[in-house]
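Please open the model in your viewer and keep the sequence panel beside it. The stops below each begin with something to select.

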Amino acid sequence: MRKNRRQWTNLTQRRSPNSVDPPRPNNYFTAMSILPIVHIPDPVLRRKSQPIERVDDDLRKFLDDMLETMYDAPGIGLAAVQVGEPLRIFTVDCAQRSEDEEEAGDGQPIRESDQDSDREPERNPIFLINPEIVSFSDERSVYEEGCLSIPDYYADVERPAACTVKYIDRDGEQQILEADGLLATVIQHEYDHLNGVLFVDHISKLKRDMVIRKFTKIAKQSGKSFIG
Ligand SMILES: [Zn+2]
């Protein structure tokens, strides 16, 4: 299998053309913003995200802000619900990570050694709108995952080693992506977020309760209160 290389095919467009606005010419030059990332136990993280009905410039601006927020964190995946918007979209970029690395999820900082300081970091962002995982491999793999909504906590999670995901891209085109290695894990981690599922739901109840208690205490100490 190829390393972190996505294989994708353009499918025939199934949507009505009216559902997509063409990007404005200056779209890439508009300033991007870093959005605040929500942490557990914020109940928004448990909400089921809603499908996107229209791909337009407002959505593209939001996607660009999400990407910038993800790079800034730094992370390799970010779901809209993690910035408080329960919408079925997420951004992924595994370009700087090799398949051989043992960590995944959206919360792993990129180590110094991963980067050549003289060069611009390699980027390969993927924007997934209304994604649907259509198949999983029988083969499974284990990665140590982290999450931007659960800072500084990592745990081994076993998931299918490969998956195929259908989605609409930033230009409103239907895409299909066969992912393996780290990318497959990140896609499954982010996809879980759209259904209110966190990676700690895949670990033992004992460990999960411990981490949730810890973050609930931190939230209380910082004066935040969450209902639900
Ligand atoms: Zn996450």
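Select N130 to begin: it is partly exposed, because 18 other C-beta atoms lie within 10 Å of its own, where buried means 20 or more such atoms, exposed means 12 or fewer, and partly exposed lies in between, with C-beta atoms placed from the backbone. N130 sits in strand 5, and its phi is near 45°, a positive value in a residue other than glycine. Helices (H or I, at least four residues) and strands (E, at least two) are DSSP runs numbered from the N terminus.

Before moving on, note that this is a predicted model, in which local features need pLDDT of at least 70 and side-chain atom pairs count only at pLDDT 80 or more, while totals for chains, interfaces and linings use all residues. Residues are numbered from 1 along each chain as its sequence is written.

Next select D152, which lies in strand 7 and has a positive phi of about 60° although it is not a glycine. D152 is exposed, because 7 other C-beta atoms lie within 10 Å.

With strand 7 (residues 150-160) still highlighted, add strand 6 (residues 140-147), which pairs with it in the antiparallel sense over 7 bridges; strands count as paired if DSSP finds at least two bridges between them. Strand 6 and strand 7 form a hairpin with 2 residues between them. Across this hairpin, C147 stands opposite I150 and E145 stands opposite A155.

Now select helix 1, residues 57-72, whose 16 residues should span 22 Å at 1.5 Å a residue, and whose end C-alpha atoms are indeed 22 Å apart; the expected span is 1.5 Å times one less than the number of residues. Its buried residues are L59, R60, L63, D64, M66, L67, T69 and M70, and they pack against strand 2 (77-79), strand 3 (89-92) and strand 5 (126-136).

Two prolines come next. P41, in the loop between strand 1 (7-10) and helix 1, follows a cis peptide bond from I40 with omega near 10°. P74, in the loop between helix 1 and strand 2, is joined to A73 by a cis peptide bond with omega near -10°. Most peptide bonds are trans, and most residues other than glycine have a negative phi.

Finally, show the whole protein, which comes to 3 helices and 9 strands in the order β-α-β-β-β-β-β-β-β-β-α-α. Of its 228 residues, 34% count as buried.

Definitions and conventions: Two residues are in contact if their C-beta atoms, placed from the backbone, lie within 7 Å.
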